[in-house]
Each structure stands twice: as C-alpha cells, then as structure tokens.
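Biologist: Please take me through one part of this model, close up. Keep the sentences short and connect the pieces.

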Amino acid sequence: MVAEVIYGDQLAASLREEMKEEVTKLKASGISPKLVVVLIGDDPASKSYVSGKQKAADFIGIDSELISLPSTTEEKSLLELIERLNNDQSVHGILVQLPLPKQINEQAIIEAIDPSKDVDGFHPISIGRMLTQQETFLPCTPYGIVTMLQSKNIDIAGKHAVIVGRSNIVGKPVGQLLLNEHATVSYCHSRTKDLSAITKQADILIVAVGREKMIDASFIKPGAVVIDVGVNRTNEGTLTGDVDFESAKAVSSYITPVPKGVGPMTITMLMKNTIQAAKAHNKKK
Ligand SMILES: NC(=O)C1=CN([C@@H]2O[C@H](COP(=O)(O)OP(=O)(O)OC[C@H]3O[C@@H](n4cnc5c(N)ncnc54)[C@H](OP(=O)(O)O)[C@@H]3O)[C@@H](O)[C@H]2O)C=CC1
Ligand SMILES: Nc1nc(=O)c2c([nH]1)NC[C@@H]1CN(c3ccc(C(=O)N[C@@H](CCC(=O)O)C(=O)O)cc3)C=[N+]21
C-alpha cells in the first residue's frame, strides 16, 4: 500500500479563505478580532513560527500585534503585561510563545491568561473543559490534527489511536480529543517498553517526540494512518519530521508530511480560536 499524503498546507489555505470571508462580515458588524503574540528572546525557531502566525492573521484580516521582549525579562513584568492584555477590551486572544526562559515559571504565565482569551487552549480551565467536553478553546495542534483526519473522512470511533509523546501542548491533549471522538487511546513516552510492539497496534499513529526519523515502517501496522507532528531542523538547515516519510509512506494508508503537514494547521486553528474569542466577547457585552 502507498499512502495518500494529507497536505495540511492545502487544507489550511481553504480554511483561511473561509475565515477571511467570516472576518470581513464580522468587521462589517463592528467586531474586529485581535490577537496579541508575546515573544520572549530571539530563538530562531520561535521567530519563524511567530512570523507564520502574523502572515496568517494578515491574510484573514485578524489584527495581530507582536510584543517582543528580551530574554532577560522577569516573570513579574510578564505577569504585569498579561494583566494589562487581560483588561484590554480590544484584545480577544493572547498567545505567549513557549518555551520561556528559565527565570520564568511557564505554568504561572499560562494560568495568568484570562481563560476567555486563552486561544492556545493551554489554561487548566480550558484543558478541564476539553476533558469534560464543554465548549472551550481546543489546543491548536490537536484541533488541527482532528480536522485533518475529518477532512479525509477517516473514521476515528472505535479505532486504536497510539500517541507517541505526552507533552501538555501536543501528546496529552491530542489523545483526549481522539478519546472524545471515541477512539481507544494508548500513550507512549520515554519510559515505554518495547515501543514498536505498541505502535504496531495503531490504526492511527500520532508521533510528537522531536527526534528526527525515529519512526519508520517497522513501527507501523500496514494500512495505518500516520500523523507526524515533529518539526526538527537538520544539519543541512531543512525541516524534517519524527517519521521517516518515504519508509512509512510505503506501508501506511494516509500520512502527513513535514513541512506542509500539521504545522500550517496549528496556525490555522489559532486563527479559528481567535475568531471564536472575538465572537464570544461580543456576545457577553
Ligand atoms: N507542528 C506543530 O504544530 C507542532 C510541532 N511540535 C513539534 O513536535 C515535537 C514534540 O513537541 P512537544 O510535544 O512540545 O515535545 P516535548 O519535548 O515536550 O515532549 C516530547 C515527548 O516525547 C517523549 N519521548 C522522548 N524520547 C522518546 C523516546 N525515545 N521514545 C518515546 N517517547 C519519547 C517524551 O517522553 P517523557 O514525557 O517521558 O519525557 C515526551 O513526552 C517537537 O519536534 C516539536 O517541535 C510541537 C508543537 C506544535
Ligand atoms: N504558546 C505556544 N503555542 C504554540 O502553538 C506553539 C508554541 N507556543 N511553541 C512552539 C510550538 C511549535 N509550533 C509550530 C507552529 C507552526 C509550525 C509550522 O507552521 N511549521 C511549518 C514550517 C515552518 C518553517 O518553515 O519554519 C510546516 O511544518 O510546514 C510549526 C510549529 C507552535 N507552537
């Protein structure tokens, strides 16, 4: 079997067209969605994602403001900034780019963001609401992955989804979203014994580790759907996933590439959440 490639960039482009129309209408009715991105330090990878977010926002017509602060920023001044943004009625979404420098407690920052502006879906309230299937902001990468599966009419209910990686921003929440869609879910991580024995049981295999080409065909059940979340910069300066694409493509039924796979969908779902935040803000008034 040779897999069909799920191009996240193409799906992202069509969703962004729809959002552009929606934002045009919202603006005509007096609602102007606005996202503020806070970037601390000058990590090149973070800068590149942030510029991807700005580009998407510009295309859709979402106002986006980038606040860049030095890597020496203290936790207290970041908390003060968040407080100001929480109180600013013109701001609908707040995103603080992770990871943060060592002197700043990441969890304290995430919890300081008003849950009604938490377009990343990282606040414990957002996570709890997702777990209990209440309306909330879904974390962008998991939301993008489920949207990609649905775009190909891939059945999730009753399927065995195996997640490799258990981070708070990708692994854990993607498993919960798939559980909400009635998958049977297994999590693997660095302490998992005999990883390939478990990944070979997957109907849907999600890989979010951050290790170049760690998953090849020998980890994959023939016909499985393979979603590669990893973004690794090679020595040659190119991007590559956690999955050995050519090897995996030969045995799977669907596969996502890197680049042009999950990454563009993450950014797109961030835009969707920002529009949702702007609409909810206006209902409250
Ligand atoms: N495309 C996109 O939109 C996004 C891409 N990413 C990319 O996804 C990747 C993962 O990111 P993130 O979740 O933040 O990463 P983290 O580093 O936070 O988590 C990595 C996870 O992989 C597990 N792990 C590490 N080594 C192994 C191993 N040998 N076998 C099995 N599991 C292992 C870790 O286990 P343990 O918990 O035991 O330490 C951990 O749970 C990165 O490449 C990142 O750049 C991230 C966010 C969005
Ligand atoms: N608060 C916060 N929210 C995040 O959503 C968040 C974060 N912090 N920290 C880092 C991770 C990583 N992440 C990516 C987003 C887009 C691409 C993406 O668009 N990648 C392109 C390539 C981009 C390039 O060329 O550099 C692609 O895969 O095709 C990748 C990774 C969001 N993250």
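Modeller: What follows is a walk around helix 10 and the parts linked with it.

This is a predicted model, in which local features need pLDDT of at least 70, side-chain atom pairs count only at pLDDT 80 or more, and totals for chains, interfaces and linings use all residues. Residues are numbered from 1 along each chain as written, while chains are lettered from A and ligands numbered from 1 in the order written.

Start with ligand 2. Its shell holds 19 residues (C-beta, placed from the backbone, within 6 Å). The closest are S48, Y49, L98, P259 and G263. Helix 10 gives the most to this shell, with four residues (helices are DSSP runs of H or I, at least four residues; strands are runs of E, at least two; both are numbered from the N terminus). Helix 2, residues 44–60, strand 4 and helix 10 each supply at least two shell residues. By class, the shell around ligand 2 has eleven nonpolar, six polar and two charged residues (Ala, Val, Leu, Ile, Met, Phe, Trp, Tyr, Cys and Pro are nonpolar; Asp, Glu, Lys and Arg charged; the others, Gly among them, polar).

Two of those closest residues, L98 and P259, deserve a second look. L98 is joined to P99 by a cis peptide bond, with omega about -5 degrees. P99 sits in the loop that runs between strand 4 (93–96) and helix 4 (106–112). P259 also takes part in a cis peptide bond: V258 is its partner, and omega is again about -5 degrees. The loop that holds P259 lies between strand 11 (254–255) and helix 10. Most peptide bonds are trans.

Now look at ligand 1. Helix 10, residues 262–284, turns up here too, giving the most to the shell around ligand 1, with three residues. That shell holds 25 residues, and S167, H189, S190, G210 and T266 are the closest. Twelve of its residues are polar, ten nonpolar and three charged.

Next, how helix 10 meets helix 2. Their axes come within 10 Å and cross at roughly 50 degrees (axes are lines fitted to C-alpha atoms over the stretch in contact; angles run from 0 to 180 degrees between N-to-C directions). Helix 2 and helix 10 are therefore oblique to each other (not under 35, over 145, or 65 to 115 degrees). From helix 2, the contact takes G52, K53, A56, A57 and I60; from helix 10, it takes I267, T268, L270 and M271 (C-beta atoms within 7 Å). Six of these contact residues are nonpolar, two polar and one charged.

A UniProt annotation from an unreviewed entry, "domain: Tetrahydrofolate dehydrogenase/cyclohydrolase NAD(P)-binding", covers residues 139–281; such annotations may be inferred rather than shown by experiment. In the model, this span is 36% helix and 17% strand. Its end C-alpha atoms lie 19 Å apart.

Another helix pair is helix 6 (residues 140–151) with helix 7 (residues 171–180), whose axes come within 8 Å and cross at roughly 40 degrees. This pair is therefore oblique as well. T141, P142, I145 and V146 of helix 6 touch P173, V174 and L177 of helix 7. That contact has six nonpolar residues, one polar and no charged.

Last, follow the loop between helix 6 and strand 5 (160–164), where N153 lies. N153 is not a glycine, yet its phi is positive, about 55 degrees. Most residues other than glycine have a negative phi.

Key: Contact = placed C-beta atoms within 7 Å.
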